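Hi,

Here is the model we talked about, ready for you to open in your viewer. My notes on the ligand site and the strands follow below it.

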Amino acid sequence: MANKKDLIREEILSIKPYVPGKPIEEVKRELGLEEVIKLASNENPLGASQSAIDVMKKAAEDVHIYPDGNVYRLRKKLSEKLGVAENELTFGNGSDEIVIMLGQAFMNPDDEIIMAETTFSEYRFSANIMGGNIVQVPLKDYTHDLDAMLEAVTEQTKMIFVCNPNNPTGTMVGQEEVEEFLEEVPDDVLVIFDEAYSEYATSDDYPETIDYLDDYDNLIILRTFSKIHGLAGLRIGYGIADEEIISYIDRVRQPFNIGALAQKAAIASLEDEEHVQQSLEYNQQGKKYLYQQFEELGLDYVPTQTNFILVDIEQDNNQVFQEMLERGVIIRSMDSYGYDTKIRVTIGLPDENKRFIKELKEVIRD
Ligand SMILES: *Cc1c(COP(=O)(O)O)cnc(C)c1O
């Protein structure tokens, strides 16, 4: 073959592969460690709801049958719980997949997306694969600057992504600000609120964006079962929007993109409100402990509305990442987000948080 690069679409050539949090097994294998904890991907440290696990065990008997392509029962359940119509919902193999489907359904080459400079990288990817352009708007005080995002709107703008609360900073934009923003955005621009961490947001000012759907049919809300529901390994998320918008997204949705086990586990998980509540309580407790420890260590952190904390360790974050790894604690260096001395740590169970702090103290003291 002459030149393989001649085969690939130019847009794809510019894409940098996503670097996920390191898997526990990989770290054990590579470093010969036995006790490894992962505080790198914002998973629920309590695991999934037991009833979700039980339901999956039972459903395993039937995996030779294709899943329900219409996701009937889960759709009904969510529709009742959220107070939206069944045809205002779509589903993705993780909400990541919905982000990609949005690009496939709506982006023409040279259309633009607007996103924060420091946020979830999947939005960029969604535009990239379609040959779209990306306009990045710097955060202000680690928070989405909605005014600046609004000013960045041009004739080419197709979508604006707002990660709320934001990954990796943990900050949120509040009700009034969001309402003003929605009022100002031209109605031919899609506004996507990625609410992967909404269940962790405890501020009274966190916007109930579902309430805005009636007034804004350019609004799309993304949620996931990967975070507080503890089902990251299953891959299931959902989108909420105007029924016509949903019908366009569904044109690019694979017929069986949500597995049968995922559909059943998601329903069980929604019904297990106690598990969600308990997860939130653990998170609040862990947050308090970590804040306290960071303060004692004199480290600046960004107060969070999520299950992770962005903290400034005031030294080379890649080195700290590596040394923590060698001590069996996987965290995230924020180097790829443009921060040289910050790390992101997922709030774990009490023992995990203690272990993280113990190792961190030793690493940053050296
Ligand atoms: C984790 C996360 C998601 C969810 O991803 P899934 O594909 O549903 O697992 C979406 N957005 C953000 C900002 C996230 O951090």
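A quick word on classes before the ligand: Ala, Val, Leu, Ile, Met, Phe, Trp, Tyr, Cys and Pro count as nonpolar, Asp, Glu, Lys and Arg as charged, and the others, Gly among them, as polar. With that split, the shell around the ligand has four nonpolar, five polar and four charged residues. Keep in mind that this is a predicted model, and that every value here is computed from it.

**Ligand site**

Which residues come nearest to the ligand? Of the 13 around it, they are Asp 194, Tyr 197, Thr 224, Ser 226 and Lys 227. Thr 224 also makes a polar contact: an N or O atom in its side chain is 2.6 Å from an oxygen atom of the ligand. Two other side chains do something similar. Arg 235 places a polar side-chain atom 2.7 Å from a ligand oxygen, and for Asn 167 the distance from a polar side-chain atom to an oxygen of the ligand is 2.8 Å. As for cover, the ligand on its own has 380 Å² of accessible area, and the protein covers 93% of that.

**Strands β3, β5 and β6**

Is β5 buried or exposed? This strand, residues 157-163, is mostly covered, with seven of its seven residues buried. It pairs with β3 (residues 112-116) in the parallel sense over three bridges, and there Ile 114 has Ile 160 of β5 as its bridge partner. β5 also runs parallel to β6 (residues 190-194), joined by five bridges. In that pairing, Cys 163 stands opposite Asp 194 of β6. You have met Asp 194 already, as one of the residues that come nearest to the ligand.

**The four-stranded sheet**

There is also an open sheet of four strands, in the order β9-β10-β13-β12, with antiparallel pairing. β9 (301-302) and β12 (332-333) stand at its edges with a single partner strand each, so one side of each has no neighbour in the sheet. Between them in the order, β10 (residues 308-312) and β13 (residues 342-346) run antiparallel and are joined by five bridges. One of the pairs to look up is Asp 312, which stands opposite Lys 342 in β13.

**Annotation**

Last, the record: an unreviewed UniProt entry has the annotation "domain: Aminotransferase class I/classII large" over residues 35-355. In the model, that span is 37% helix and 17% strand, and its end C-alpha atoms lie 11 Å apart.

Cheers

Technical notes. Residues numbered from 1 in each chain as written. Predicted model: local features only at pLDDT ≥ 70, side-chain atom pairs only at ≥ 80, totals over all residues. Heavy atoms only, no water. UniProt positions renumbered as here; feature names shortened; annotations may be inferred. Helix = DSSP H or I, 4+ residues; strand = E, 2+ residues; numbered from the N terminus. Near = heavy atom within 4 Å. Polar contact = N/O pair within 3.5 Å; in protein donor to acceptor, adjacent residues only side chain to side chain. Areas by Shrake-Rupley, 256 points an atom, 1.4 Å probe, with all protein chains shown as cover. Pairing = 2+ DSSP bridges. Buried < 20%, exposed > 50% of the residue type's maximum accessible area, 1.4 Å probe, protein only.
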